[in-house]
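Opening the notebook on a new model today. I want to look up burial, salt bridges and a few odd backbone angles, and jot down what turns up.

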Amino acid sequence: MNQYLSRSYEEKDLYETLKPHFYDLDLFCDAHYNCTKLENSPLPADEQVIHELEEMLKAPWLPLYIEKLIKLVHRTLMRERLAHRRDARNLRENIVKQKEEYWRGSSKYPKLRVITYLLYHFPVYFCQFQYLLLDTLKGGMLTTKMSIVDVGSGPGTITLSTIDFLQKLLSVYSKKGIDIKLNIKIDSIEKVKENIDCYNELTSLYLSKHQLENASITLNQPVYAPLEKAQPVVGADLIIFSNVLAEMSSPHAERAELWKSSHQEA
């Protein structure tokens, strides 16, 4: 490419510049910048692959590197708070308040709420979602190229759970001698700025230290907007709503239809 540019660039610089376009170009580039064209096909889900994954998920736990990331972000957020002893009490109180607000349909996410979510809700939802991904794999609905939308992403629970699941899946394929390369794009929508800040920090820290060898992961900047006002992501293969539909002010019967109709119009 350098012969078409005004100056020469290192391969690493070209790679970082062009990486956001790999998904649309159906390209996979390895760590040595060797690029190949990928065809979209269902991910192998034979009995041995499923058995290995089920063994991995049998005793759900938060991976140590995810736990360390949460602790790092937690310490950063806690520094902005008052005395530790008072905050320990506040954390307990905020877990209760967060649940009360949620069931009243008036969830709020100041920094302390983000901390309580990371400590209390994140590990559960992280593990639960991987079981849903396993069922989706069994149903033949996961493919080598996917556009995923994390709606109401919060601090990145579903996004990180998805990437970790794909890492587990690729490790199974490697063990079985199955050559699979993934081209994944993840978009997210979130209405709370504090959650987006946490999302960006957690995902960037994760990807900087855990590059998936046989996967190209394009992680776009979260869209800062409520679901009702967010522009639909065209061509999405998998859309995860988490708990966001329960937080909408629309009547129950209209909540899913609101998002569905906006996609149809797009």
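My entries follow, from the whole chain down to single residues.

**Ground rules**

I am working on a predicted model, where local features need pLDDT of at least 70 and side-chain atom pairs count only at pLDDT 80 or more, while totals for chains, interfaces and linings use all residues. Residues are numbered from 1 along each chain as its sequence is written, and side-chain values use heavy atoms, with hydrogens and water left out.

**Whole chain**

I looked up the secondary structure and got nine helices and seven strands. These are DSSP runs numbered from the N terminus: helices are H or I with at least four residues, strands are E with at least two.

Next came burial. Of the 266 residues in the chain, 44% are buried. My cut-offs are relative accessible area under 20% for buried, over 50% for exposed, and partly exposed in between, with a 1.4 Å probe and protein chains only.

The chain exposes about 15,100 Å², and carbon and sulfur atoms supply 53% of that. Areas come from Shrake-Rupley with a 1.4 Å probe, and for residues only the protein chains shown count as cover.

I also checked contacts, meaning heavy atoms within 4.5 Å. Among those with a separation of 6 or more, 78% are between residues 24 or more positions apart.

**Helix H3**

Which residues of H3 are buried? For this helix, residues 47–57, I noted Val49, Ile50, Glu52, Leu53 and Leu57. Looking down the axis, the buried set falls within an arc of 160 degrees, so these residues line one face of H3. The arc is taken over directions from the helix axis to the C-beta atoms. On the face turned away from the buried side I find Glu47 and Gln48, both exposed.

I then checked the start of H3. There a side-chain oxygen of Asp46 comes within 3.1 Å of the backbone nitrogen of Gln48.

**Glu52 and its partners**

Glu52 caught my eye as a charged name in that buried list, so I checked the number: 18% relative accessibility, which counts as buried. What does Glu52 touch, leaving aside neighbours within four places in sequence? I get Val172, Lys175 and Lys176. The C-alpha atoms of Glu52 and Val172 are 6.8 Å apart, although 120 residues separate the two along the chain.

Then the salt bridges, i.e. a side-chain nitrogen of Lys or Arg within 4 Å of a carboxyl oxygen of Asp or Glu. The whole structure has eight. One of them pairs Lys175 with Glu52, with the closest N and O atoms 3.4 Å apart. Lys175 sits in helix H7 and Glu52 in H3, so this pair ties together parts that are 123 residues apart in sequence. The Lys175 end is exposed at 60% relative accessibility.

I also looked at Lys58 and Glu55, whose side chains meet in a salt bridge at 2.9 Å, N to O. Lys58 is exposed at 57%, and Glu55 is partly exposed at 40%. Back to the earlier group: salt bridges with shared partners join Glu52, Lys175 and Lys176 into one network.

**Asp26 and Tyr33**

I searched for positive phi outside glycine and wrote down two cases. Asp26 has phi near 55 degrees and lies in the loop between helix H2 (22–25) and strand E1 (27–29). Tyr33 has phi near 70 degrees and belongs to the loop between E1 and strand E2 (35–37). The relative accessibility of Tyr33 is 29%, so I file it as partly exposed.

Asp26 also makes a salt bridge with Lys145, at 2.5 Å from N to O. Lys145 is in strand E3 (residues 145–151) and Asp26 in the H2–E1 loop, so the pair links parts 119 residues apart in sequence. Is each end buried or exposed? Asp26 is partly exposed at 22%, and Lys145 is buried at 19%.

**Two last look-ups**

Thr162 is in helix H7 (residues 157–175) and is buried, with 4% relative accessible area. Beyond four places in sequence, Thr162 is in contact with Phe129, Leu133 and Ile148.

On the surface, Met1, Tyr4, Leu5 and Tyr9 make a nonpolar patch of about 470 Å². Patch residues need over 30% relative accessible area and no salt bridge; like charges are joined within 9 Å, nonpolar side chains (Val, Leu, Ile, Met, Phe, Trp, Tyr) within 5 Å. Tyr4 lies in the segment before helix H1 (11–18) and is exposed at 70%.

Terms used
Polar contact = N/O pair within 3.5 Å; in protein donor to acceptor, adjacent residues only side chain to side chain.
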